[in-house]
Amino acid sequence: MAAEKLMDLSQPIDVALLDATVAAFYGTGSKEERTAADHILRELQNNPDMWLQVVHILSNTQNLNTKFFSLQVLEGVIKYRWNVLPVEQRDGMKNYISEVIVKLSSNEASFRQERLYVNKLNIILVQILKHEWPARWRSFIPDLVTAAKTSETICENCMAILKLLSEEVFDFSRGEMTQQKIKELKQSLNSEFQLIHELCLYVLSASQRTELIRATLATLHAFLSWIPLGYIFESPLLETLLKFFPVPSYRNLTLQCLTEVAALNFGDFYNVQYVNMYNIFMVQLQTVLPTSTNIPDAYAHGSSEEQAFIQNLALFFTSFYKFHIRVLESTQENINSLLMGLEYLISISYVDDTEVFKVCLDYWNSFVLELFEANHNLENANMMGLQMPLLGMVDGPGTQLLQRRQLYAGPMSKLRLLMISRMAKPEEVLIVEDENGNIVRETLKDNDVLVQYKIMRETLIYLSHLDHDDTEKQMLKKLSKQLNGEDWTWNNLNTLCWAIGSISGSMMEDQENRFLVMVIRDLLNLCEITKGKDNKAVIASNIMYVVGQYPRFLRAHWKFLKTVVNKLFEFMHETHPGVQDMACDTFLKIVQKCKRKFVIVQVGENEPFVSELLTTLPTTIVDLEPHQIHTFYESVGHMIQAESEATKRDEYLQRLMDLPNQKWVEIINHARGNVDFLKDQDVIRTVLNILQTNTSAASALGTHFLPQITLIFLDMLNVYKMYSELISSGIAEGGPFASKTSYVKLLRSVKRETLKLIETFLDKAEDQPQIGKQFVPPMMDPVLGDYARNLPDARESEVLSLFATIINKYKAAMIDDVPRIFEAVFQCTLEMITKNFEDYPEHRLKFFSLLRAIATHCFQALILLSPEQLKLVMDSVMWAFRHTERNIAETGLNLLLEMLKNFQNSKFCNQFYRSYFVLIVQEIFAVLTDTFHKPGFKLHVLVLQHLFCLVESGSLTEPLWDASSVSYPYPNNGMFVREYTIKLLGASFPNIPASEVAKFVNGLFESRADLSTFKNHIRDFLVQSKEFSAQDNKDLYAEEAAAQKERERQRMLSIPGLIAPNEIQDEMVDS
C-alpha cells in the first residue's frame, strides 16, 4: 500500500513515508524489509518524473540520507537529460540549488552542521555549470564573487565551488566532455580569472578566519597549474604565500601552492622571481626546520601534519630543481642556498617511508643521469678528437662541465652513501628477514621492491661513473665497519653487498679486480669470524650474490673461482632455509659464464675441476632436495658441454649420470620380473625424479646428451605406454573424478616428463636428420597412437608441443609423417577445444602451434588434405583468432598469415581465395573492431594489408563473388572487395556516415603499399568509431612502444654496467 502511494507521482510525494523507506533501507531491520525498501527506491530512481519532486523533498525533510537520495536522482537528470529540459525547469532548478547553498552557508552554525549536505549541493551546482556556463549563465563568476564578499562563510563555500570547478575542467574532464567543451570552459575560466584572483588576494590580506584562509589556499593550489603567469609573478601573490609559510596551520597548503609554482616551466622569463622566491623560502625554512634537525627521526615521531610537511618539502625541492636548478648555479650566494637545499633533500631521502623515498629517488635518478650524460658525451667526443681545443679554453664546454661536476661533488658523494645504505633487494636474493626478525626464505616476489632496485641500481651506476674512486672508497669503508663490528647489522651488510653487486661492469677491469679481491676476501673472513646460524646465513647469501654478479672477475682469477665454487658446495650442506637454493642458483649462474675454466687442467692441478667434482658428486648433493639436484645436474651439464674432446665428454656424461642410471636399471630389472612393481607410488616418484634429472642435463648438453638418452629411450617408452594404459583404465572405471586423484596425477607427471625430456633433447640437439630418424618412428604408436586412443581427460597436451618441436626442427624431412600426425591428433583435439573458450587451455595453444609448424614447414601436406579437412583447418584458425586469450589469438593470426602467403604462391591460389577471401575479410574486421581484441591489432593490419595488396595485384584470375547470387558483374575483384567492405562496415557502424565509411575503405586501398600509413588510417577509423574512444588504446600503439624499448636497450648497452652481466649474451670470453 505504502509502495503504491510513493509510486504515484501525480501529486506531491509523502516525504514522511519516503523518510521511513530510506530509514528502512539503511536501518537494522530484517533482510526482507531492506530488500523491499531497496526495490521501491530503485523504482523511484528510474522513474523519469521523480526529479520534479526533488525540490519538494529537500524543502520538507530533515533526514540527510533522504536528501542524498533525492540529489542522486537529480544528478542523473543533470548528467544525461539536462539539455532536453524546458528552459524554465532548468532555471528553476539552478536558482533553487543556488539559494539553498547561499542560505546554508551564510550562517556559521548551519554551515558547519550541514557540511556534508552543502558539499553535495556544491557538486550538483558544478555539474549544472558544465552545461550552463558560460553560454547560458554568463554572470556566474561575477555573481559568485559578489556573494563571497557578503559573508566569510559564504566566501569559504565559494572557494570550495571554485576548487571543484577547476578540478572538473582541468583534472577530470577527459572522456566526460567533448574537447570543444573543455576548451570553451578553460577559456572562460582564464578570461574571468582576474575576479577570482582579486578575491583570493583580498581574503588572504584581510581575513583572520583560519578556515577561510585554508579554503582559499586550497583553491589557489587547484588553480596555480593553469592560470596566466602574470597573476603569479606580476602580482603580490608569491610574497603573500611566502608570508603564510611560517604559520603552522597554513604551512602545508602554502607549500603545496609553492610546489605548483616551482613545477611551472616556461623558459627564462621569470628567473629573477624564481631565485628570489627560493632564497626567501630557504631563509624561512631554517626557522621552521633548522638545518641541525635529524629529519628521519623527526618524521618517525611526528604528527601526521608534520609528516605531510616533510613529504611536501620533498615535492617542493624536487619540482624546483627539476626545472630551475640551473638558475641557482649563477652566483656564489645562490650556490650556497642551493647546496643547503640539496642537504635537506638528502636528509629527507633517509626518511623511512616508501612514498617519500620514491619522490626523492625519482629526482636523484634524473639529476644524476643529466650530470652523467653531459660528461659521457664529452668523453666520447674527446675520444674521437672532436673537442680537444675546447678543453683548453677558459670557458669551453669542457671547463663548464668540470666546474659543474666539482660543484656537485660533495652532494654526489653523500648521495652515493645514501644509495649504498638504502639499496633495495635484487631478484636473485632469496634470503630475507621476516617481520619477527627471523632469517627465512622469501616466498613472494615484491614487484615494488624490484622496480625500486632497478632505479637505484641505475642511479648508483651513473654515480659510479662520475667518480669510481669515491664509490670504491665508500664501499670499502662501510665493509671495514662491518668487519670490526662497529656497524654490523643484517640490513647494513645486505644493502652494502646489494650495492656492490649492482655496479658490476661499471669500473675499468683492473680497478674492478683490485676492488673485488678486497671485497671477497673480507666477506669470507667475516663468514669465518661471525658466530650464529642466522648471521652465517645472511653472510652466505651476500657472498653468493656478489660473486654471481662478477663473472668477468671470476673468469680472470681461477683461484678465486675455485674457492668460491667450493664455498658454494659448503653452503649446499647448510640446511638454513633458502641457503641451498641460492647456492644452487649461483652455481648455475657462475658455470654458465665460466664453463671453459672447469674442463681445462689449471696450473698446479692434476686434473680438470669437472673430473674432481664428478668424483665427489654423491657427497656434494647428499643434503639437497630433488629440485636443487636438478639445478646442480644442469650446471654440471654446462661444464661437460664445454669439453670439446668427444671421448672425454662421453666419459664425464657417463660419470654424471651414474647415480640415476643405477637406480633406473634396478627399477627396470625389477619390472621385468614383476610389472606390478612399477605401480607403487614411491617407485613412480623415483621414476619421475630420474626423468627430471635427465631433462636438466639434456637442457644443458643438447646433442651431446645422445649417448645417455639412447640408453634409456626404449625402456622409457614402454613405461610411458604402461602408465598411459593405467591412467585410461583408471578414468574409465572411476569416471571424470579419477583424473583428479593424486595417483593418476602422479602417473601423468611421468608421461609429461617423458615427453618433456624428448622435446628438450630434440629441441637443443643440433639439426642432424639421423637423430630425427632414430627417435621419431619408435614414438609413433606409443605416443601418437596413445593420444588418439585415450579419453580426452587423459590426453597430454605435451604430445602436441613435442611434435610441433619435431616439425620445426626437421622441417620438410617430416612431410611423410604429417598425415599420420594429422590423423592422430587433429579431429580429436578439435572436438575437445571447440565446445567453448575455456576447457583444455593447454591443448589450445599447443594445437595451434603444431598447426603453424605444419603450415610453415610442411605446407605441401596441407594442400593434399580433402576440401572438408581444409575447411576444418580454416574454421579452427578463425576460431583461434576470435579467442579472447591473447596468445591463442596471436598464434591463430600468425598461422593465418603463413597460410595466406603459402597459398598465394601455390597453384591452388584461386581455388583457396575464392572459398575463403570474403570470409576472412569479414572475420578480421569483426575482431579488429572489437575492443577485446586490441592486442592483435598489428597482426589484423598485416592480414588486411596482405588481402588488399593481393586483390589489386592481379594474382587472382577468377572472380571472388558467387555469380549465381550476385546479379551485377563487377569489372574486377578490386571493385567487388571495395563494395563488399563498404557494405560490411556500413552495416556494422550505423553511427558513421556512409561517405566516411567509403572514404575509409578507399583510403585502405590507396595506402595498402605503405604499412605505417595503412596502420594509422585504420587506427583513426577505430577511434572515430566511438567503440574505442573512451578507452585506453595503448595496445594500438604496442609496436611503436616496442621500438622505443629497443632504442632504450641500445642506449643502456653503450654505458658499461647498466645491463647486468647475466643479461648480456657474451659467448664465453673465457677460453
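**Ser-504, helix 27 and the cysteines**

At 5% relative accessibility, Ser-504 counts as buried, since the limit for that label is under 20%. I should state at the outset that this is a predicted model.

Where does Ser-504 sit? Its place is in the loop between helix 27 and helix 28, the latter covering 509-529. Leaving aside residues up to four places away in sequence, Ser-504 touches Glu-512, Gln-549, Tyr-550, Gly-1057 and Pro-1061. One of these partners, Gln-549, also offers its backbone oxygen, which lies 2.6 Å from a polar atom of the Ser-504 side chain.

Let me turn to helix 27, on one side of that loop. Helix 27 comprises 13 residues, 490-502, and at 1.5 Å a residue it should span 18 Å; the C-alpha atoms at its ends are 18 Å apart, so expectation and model agree. How many of the 13 residues of helix 27 are buried? Twelve are, and the helix is thus mostly covered. Among the buried residues are Trp-490, Trp-498, Cys-497 and Ser-502, together with Leu-493, Leu-496 and Ile-500.

Cys-497 brings me to the cysteines in general. How many disulfides does the structure hold? The number is zero. Cys-584 serves as an illustration: the closest cysteine sulfur to its own belongs to Cys-527, at 17 Å, which is too far for a bond because a disulfide requires the two sulfur atoms to be within 2.5 Å. Cys-584 is also buried, at 1% relative accessibility. Cys-360 is likewise buried, with a relative accessible area of 0%.

Conventions
Residues numbered from 1 in each chain as written. Predicted model: local features only at pLDDT ≥ 70, side-chain atom pairs only at ≥ 80, totals over all residues. Heavy atoms only, no water. Helix = DSSP H or I, 4+ residues; strand = E, 2+ residues; numbered from the N terminus. Expected span 1.5 Å × (residues − 1). Buried < 20%, exposed > 50% of the residue type's maximum accessible area, 1.4 Å probe, protein only. Polar contact = N/O pair within 3.5 Å; in protein donor to acceptor, adjacent residues only side chain to side chain. Contact = heavy atoms within 4.5 Å.
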